Amino acid sequence: MTSCPYLDTINRTLLDFDFEPSCSITLESSPHIYGCLVCGKFFRGKGKQTPAYTHSVNEGHCVYVHLTRGTFWCLPDDYEIDATNEASLQDIRLALHPTFTKDQVRQLDTQKELVRDLFGRRYLPGYVGLNNLNKTDYLNCVVQALGHVRPLRDFFLLAPNNYENINTVASGNDERNAVALNNNGKRKMSTTAATTTTLPYEEFSPIAKSFSLLLRNMWSPHRFKSNVDPHMLVQAVSVASNKRYHVGQQAEAGEFLAWFLHQLHLGVGGSNHVKVSSKKKKKIKNKNKMGSSKGGGGSIIHETFMGNVEITTVVTRRKRRGEGAALAMLNEGGRDASKNGKNNNNSDDADVDAFDDEEDDRAGSDDEETMERKRQKREILKSLADEIIIDEEESVTETQFLQLTLDIPEKPLFKDDDGGLVIPQEPLVNVLRKFDGVSFSDVLAMHQQTTESNTDGTIISKKRRYKLNTLPNYLILHLSRFKRNGFFVEKNPTIVMFPVKNFDLSSYVFPEGGRKEVPTEDQVRAMSTKEMKNLLVEYGRGDVANNAIEKKELLQHCLDFVSSSLPDLLADKYDLVANITHDIPAEVGREGTKHNPLEEGSYRCHVQHKALGKWYEMQDLEVTETMPQLIGVSESYLLIFERKGAVSST
């Protein structure tokens, strides 16, 4: 490696590394794509008769950079430039592959200073605009929102460093931090620390790699321009979704977020296998509770966003009683026998014959009175068997969720006195009644079974009750605004009002075994060293527990944690992190107009800078400051809340 005499020919104003590394001549993508630092174009190879070599000879452009490895080359002389001794190349290396250390990541939320790009424009790292590649604003808003979820952001910013070369993370710590002691003194895995498997960065999926690079570009203070182009992520999403999410096609941000989180979960090494065992019992008084779904956690995605919900499903069926149940009722002498009788619509005439065997059926043994009694019994049996009964069946299941979908009230059918549409306003606490553990919501209305031979009857109603057992540190709420039918897409404009800070969800959470109480100062002082470490590890403070050398220092950490953060963690209080809204033009949705509110609308995202205490509104390339009072009354579509007291995994 030697120095190069052509470094003064580099033109940084033409350099843009946000695009996919593909040759501008052959249009092929390969690991060996070089970027010309004079004109900014990408070419394949550096050997003779390659596009890069030909370009260097024809145009006289001599300085190139390997877009994957970050090495610098001089063509057509074909020698590597010693970048370590060339200070003028360090800014290009940082712009090509931004990297972060753990100390830099910890300081991101406290950074207040603006930085300048190559053109002198000032911008705040992490609060930059994303280019709209033709109806990709839904993707931009989802990326902006996820880019301010601290554990997720820190993980992907440090991903090229292999996240400290660890493959198992339990609540931001290694596997040994998740070890606790049970009552018998034996070692066991803490139930609050989900084991997380992480692949090396080189084995990430294209979506995970593109998302990591995009976040590093957004938070980098060494940008040549003050905005970022998500071209590589859009391409990876289009390929992975089989063009379901493609350039030029608008999509619902809520559906895309669910799909995108699942792809990131798989892309970083998460498992796609979830074991669920479900059992049902007839009659509403009999309940069966299945075990929790296996496979909780599994990646940084599940560790950050996954919660647990208990679903009670009550199915009401209308069906024929059947000969078996009718015969059991007559044998027991009343209709109440149906409580213990078994439904058997396919029973043969043996049951009826058994009923008739109570009398002597030999020829000549029947008189008119006996025949009449048998005829009446047969008529009663037939009437009871043909009687339509209502049967209810209840089943209880437990499952995990990454986001909660909320149904908002419909807009009024009638106009106000001035002829305008009335847009109702509903508090978020009323919308959350779906998950209060008491209310049932209808799932399936009148439904006829497709096969007449099905003995389960016709489902006339199906309702569910949701009870939240545990909430994640970062809660995603999806307000279902769009409805589709065979003719058009309709949007619900109802305003859902919500608090920006101290959103209390304790009344909606029903943890198994009841709520834990905050230990007093005397109880903490009476704990042993292992008990104090287990307390910190249980709530994700394992790094603090491991760094404490003396017991006095560990005791002080425990007292500070119990007095400041633990009450908020146990109280289930949340602060808003990001808010995604959907806006439509004024003429869309009016009577007599044929417009698609999804296609013609646009998305905006609101995020907060905690150090400055300011909220920013980002819509594609525009980043402006906004008031928090306006966020709570906007047409919110996706909400991301952070649990008070939650800490980053770094």
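## Close-up views of a predicted model

**View 1. Leu475 sits across from Phe641 of strand β30.** This is a predicted model, and the view starts at one residue pair between two strands. Leu475 belongs to the stretch where strand β21 (residues 474-480) meets β30; five bridges join the two, and they run antiparallel. On β26 (residues 573-583), the pairing with β30 is antiparallel too, and here it runs over seven bridges. One pair to look for is Asn579, whose bridge partner in β30 is Leu639. So how many residues of β30 are buried? Eight of the eight residues, 636-643, are buried, so the strand is largely enclosed by the rest of the structure.

**View 2. Five strands make an open antiparallel sheet.** Reading across, the order is β2-β1-β3-β4-β5. The edges are β2 (42-44) and β5 (79-81), each of which pairs on one side only. On average, neighbouring strands in this sheet are turned by 40 degrees against each other, ignoring direction. As general background, strands of a sheet pair through backbone hydrogen bonds, either parallel or antiparallel. Toward the β5 edge, β4 (residues 72-74) pairs with β5 in the antiparallel sense over three bridges, and Cys74 stands opposite Tyr79 of β5. Helix α1 (residues 51-59) lies across β1 (33-36), β2 and β3 (63-66), and it runs at about 120 degrees to β2.

**View 3. The structure has cysteines close to one another but zero disulfides.** Why is there no bond between Cys39 and Cys36? The closest cysteine sulfur to that of Cys39 is in Cys36, and at 3.6 Å it is too far for a bond. Cys74 is in no disulfide either: its nearest cysteine sulfur, that of Cys4, is 3.6 Å away. For burial, Cys74 has 0% relative accessibility and counts as buried. Cys39 is buried as well, with a relative accessible area of 19%; the cut-off for buried is under 20%.

**View 4. Asp16 makes a polar contact with Lys225.** Look for Asp16 in the segment before β1. Its side chain makes a polar contact with the side chain of Lys225 at 2.8 Å. The Asp16 side chain also reaches the backbone nitrogen of Asp18, at 3.2 Å. Which residues does Asp16 touch once neighbours within four places in sequence are set aside? Those are Phe42 and Lys225. Phe42, for its part, falls within β2 (42-44), an edge strand of the sheet in View 2.

**View 5. Phe305 is one of the best-connected residues of the largest nonpolar core.** That core has 69 residues, and the ones with the most contacts inside it are Leu146, Phe156, Phe211, Phe260 and Phe305. Zoom in on Phe305 and leave aside its neighbours within four places in sequence: its contacts include Leu146, Val149 and Leu152, along with Leu261. Phe401, Leu402, Pro472, Tyr474 and Ile476 are also in contact with Phe305. A second, separate core has 29 residues, among them Val309, Leu406, Ile408 and Phe435. In soluble globular proteins, nonpolar side chains tend to be buried together.

**View 6. Strands β28 and β29 form a hairpin with two residues between them.** Five bridges join β28 (residues 614-619) to β29 (residues 622-626), and the two run antiparallel. One of the paired positions is Met618, whose bridge partner in β29 is Val623. In the turn, Asp620 has a positive phi of about 60 degrees.

**View 7. Leu559 is a buried residue of helix α18.** The helix covers residues 551-564. Is Leu559 buried or exposed? With 13% relative accessibility, Leu559 counts as buried. Leaving aside neighbours within four places in sequence, Leu559 is in contact with Glu521, Val524 and Arg525. Leu559 and Thr520 are 39 residues apart in sequence, while their C-alpha atoms are 9.0 Å apart in space.

**View 8. Zooming out, the chain comes to 21 helices and 30 strands.** Of its 650 residues, 47% count as buried. Among contacts with a separation of 6 or more, 71% are between residues 24 or more positions apart.

Notes: Residues numbered from 1 in each chain as written. Predicted model: local features only at pLDDT ≥ 70, side-chain atom pairs only at ≥ 80, totals over all residues. Heavy atoms only, no water. Buried < 20%, exposed > 50% of the residue type's maximum accessible area, 1.4 Å probe, protein only. Helix = DSSP H or I, 4+ residues; strand = E, 2+ residues; numbered from the N terminus. Pairing = 2+ DSSP bridges. Axes fitted to C-alpha atoms, helices over the stretch in contact; angles between N-to-C directions. Contact = heavy atoms within 4.5 Å. Polar contact = N/O pair within 3.5 Å; in protein donor to acceptor, adjacent residues only side chain to side chain. Disulfide = S-S within 2.5 Å. Core = buried A, V, L, I, M, F, W, Y, C linked by side-chain atoms within 4.5 Å.
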